[in-house]
Amino acid sequence: MTTAPTLFPGIAAGVNVSTVPQRSPFRYPGGKTWFVPHLRAWLESLPGRPRLFLEPFAGGGICACTVLVEGLANHVQIVELDEDVFSVWQTIFSQDAPLLAQRLTAFVMDEGTVNGALSQAPTSTLERAVQTILRNRVNRGGILAPGAGRLKAGENGRGLLSRWYPETLARRILELYRHRNRVTVIHGDGLAALEKYKDDSQTASFIDPPYTAGGKRAGSRLYAHWDIDHAELFELTAAQQGSILMTYNDAPEVRLLADAHALNYRSIAMKNTHHAELTELVIGHDLDWL
Ligand SMILES: C[S@@+](CC[C@H](N)C(=O)[O-])C[C@H]1O[C@@H](n2cnc3c(N)ncnc32)[C@H](O)[C@@H]1O
């Protein structure tokens, strides 16, 4: 078992996230764009292409989107408990996707239009998806949890416009929509999905839960749903017959849980949005490919 922080030049610490295609419509706190090169290496190390790629805590789902578009698994399943986040995924993989793309490109972004759009209770999944994407774009850090603040100055003083790229979002949505026949989207509990597929050796699961283990509270500020039973999650993860890869905050409690379930882990460097170097734990049965 390796516990010392390891740097992977050109892959983790050196990864230039601008070279990783952005396929998700979300900017997501805890987003895993920096992890995509590892994701590919892991899946390529498996004896065959997984029948199912399961992402039980989808959030911005960059890994699921990458696997889908790059054909790294036959089928992809996205599971998300948050109704707002789920509504975006459900819409993208439904016949309403072109309408969602249209709604975004037609939206004229300013303080008044955003306030108007966000002041009404959504009356359909499509409306909820539009509102969620708008909030994701105008809230600081893309945070969707209650109490999140709005962008004020934003990048280059562009305020609410600083993260508003409707044409790009529309393009990403339509690209994902093209692959809709190979995706299942579930509004529900990621733990239940892991339970369901635990005996399927052809399922590869990428598990990126809210980081609230070890008394870390950041996850509870970032997500509306953050209260995870970490011990149960480790139990289920270790029980999977298929390949698993889990990412976590590097806390002594997390290492203890991994040890208790005979899982291997490595500390790897990532970059946060402020370009500071941080480490996270990558946890799995077999990490020889890393
Ligand atoms: C760390 S984020 C995932 C980030 C994602 N990997 C990305 O690249 O954007 C964790 C996500 O899990 C969701 N979540 C929390 N509890 C859940 C549960 N029991 N089942 C499914 N999703 C859950 C949260 O709403 C949040 O979107």
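Q: Why is Cys65 called buried in this predicted model?
A: The relative accessible area of Cys65 is 1%, and buried means under 20%; Cys65 is therefore classed as buried.

Q: What makes Cys63 buried or exposed?
A: Cys63 has a relative accessible area of 0%. Because the cut-off for buried is under 20%, Cys63 is buried.

Q: How many disulfides does the structure hold, and why is Cys65 in no bond with Cys63?
A: The structure holds zero disulfides. The closest cysteine sulfur to that of Cys65 is in Cys63, 9.2 Å away, whereas a disulfide requires sulfur atoms within 2.5 Å; the separation is therefore too far for a bond.

Q: Why is Glu195 called partly exposed?
A: Glu195, which lies in helix H8 (residues 190-197), has a relative accessible area of 42%. Buried means under 20% and exposed over 50%, with partly exposed in between, so Glu195 is partly exposed.

Q: What makes the pairing of the Glu195 and Lys198 side chains a polar contact?
A: The two side chains are joined at 2.9 Å, and the cut-off for a pair of N or O atoms is within 3.5 Å; the pair therefore counts as a polar contact.

Q: Which side chain has an N or O atom 2.6 Å from a nitrogen atom of the ligand, and why does this count as a polar contact?
A: The side chain is that of Asp208. Because 2.6 Å satisfies the limit of within 3.5 Å, the pair qualifies as a polar contact. Taken alone, the ligand exposes 610 Å², of which the protein buries 97%.

Note on methods. Residues are numbered from 1 along each chain as its sequence is written. This is a predicted model: local features need pLDDT of at least 70, side-chain atom pairs count only at pLDDT 80 or more; totals for chains, interfaces and linings use all residues. Side-chain values use heavy atoms; hydrogens and water are left out. Buried means under 20% relative accessible area, exposed over 50%, partly exposed in between (1.4 Å probe, protein chains only). Helices (H or I, at least four residues) and strands (E, at least two) are DSSP runs, numbered from the N terminus. A polar contact is a pair of N or O atoms within 3.5 Å; within protein, one must be able to donate a hydrogen and the other to accept it, and residues adjacent in sequence count only if both atoms are side-chain atoms. Accessible areas come from the Shrake-Rupley method with a 1.4 Å probe; for residues, only the protein chains shown count as cover.
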